[in-house]
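Student: I should like to examine how the descriptive terms applied to a model follow from its computed values. May we proceed term by term?

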Amino acid sequence: MARATIQMVTDSIESFVNNDISLANEVIRHDDVVDSLFCDIKNELIQTFQAEHEDSAEVLLDMLMIAKYFERIGDHAENIAEWVIYSITGKHADFEI
């Protein structure tokens with residue numbers, strides 16, 4: 001998940017520097033991958049918690065928070081990519097101009 005998020009951030013910045021709409025769109029699509037990884041990690045942690053809840057609750061919660069932070073970083077990278085597209089085309093995915 002960390003690698004996927006790092007790639008999103010790197011690509012979103014590269015798309016900005018190079019005015020690359022194609023790469024910006026790729027970043028936006030890749031957010032679904034990071035979101036899916038977050039869900040996978042959350043479900044795995046829930047299963048682990050149910051099996052070993054007494055001693056590992058704090059560690060599991062920390063892991064879930066780390067996963068959530070990576071998911072949010074991916075969201076920010078997606079936002080950068082959307083604004084790259086806006087800066088080039090004058091159109092933003094969230095609203096009509």
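**From values to terms**

Tutor: Let us begin with R72, which has a relative accessibility of 37% and counts as partly exposed. Please keep in mind that this is a predicted model.

Student: What makes R72 partly exposed?

Tutor: The class of partly exposed residues lies between the limits of 20% and 50%. R72 has 37%, so R72 belongs to that class.

Student: How do you know whether D75 is buried or exposed?

Tutor: Buried requires a value under 20%. The relative accessibility of D75 is 12%, and therefore D75 is buried.

Student: Why is the contact between R72 and D75 called a salt bridge?

Tutor: The term requires a side-chain nitrogen of Lys or Arg within 4 Å of a carboxyl oxygen of Asp or Glu. For the side chains of R72 and D75 the N to O distance is 2.8 Å, so the criterion is met. Side chains of opposite charge can pair when their charged atoms come close.

Student: Where do R72 and D75 lie with respect to one another in helix α2?

Tutor: They are three residues apart in that helix, so about one helical turn separates them.

Student: How many salt bridges does the rule give?

Tutor: The count is two. Besides the pair already discussed, K68 and E71 form a salt bridge, with an N to O distance of 3.0 Å. K68 and E71 are likewise three residues apart in helix α2, which spans residues 21-89, and so are separated by about one helical turn.

Student: What classes do K68 and E71 fall into?

Tutor: K68, at 32%, is partly exposed, whereas E71, at 8%, is buried.

Student: Which residues touch the most other members of the largest nonpolar core?

Tutor: That core has 13 residues, and M1, M8, A24, V27, V34 and A81 touch the most other members. Helices α1 (2-18) and α2 each supply at least two of the core residues, and α2 gives the most, with 10. In soluble globular proteins, nonpolar side chains tend to be buried together.

Student: What does M8 touch beyond residues up to four places away in sequence?

Tutor: M8 touches V27, H30, D31, V34, G74, A77 and E78.

Student: How many helices and strands does the protein chain contain, and what share of its residues is buried?

Tutor: The protein chain has two helices and zero strands. Of its 97 residues, 29% are buried.

Conventions. Residues are numbered from 1 along each chain as its sequence is written. This is a predicted model: local features need pLDDT of at least 70, side-chain atom pairs count only at pLDDT 80 or more; totals for chains, interfaces and linings use all residues. Side-chain values use heavy atoms; hydrogens and water are left out. Helices (H or I, at least four residues) and strands (E, at least two) are DSSP runs, numbered from the N terminus. Buried means under 20% relative accessible area, exposed over 50%, partly exposed in between (1.4 Å probe, protein chains only). A nonpolar core is a set of buried Ala, Val, Leu, Ile, Met, Phe, Trp, Tyr and Cys residues joined through side-chain atoms within 4.5 Å. Contact means heavy atoms within 4.5 Å.
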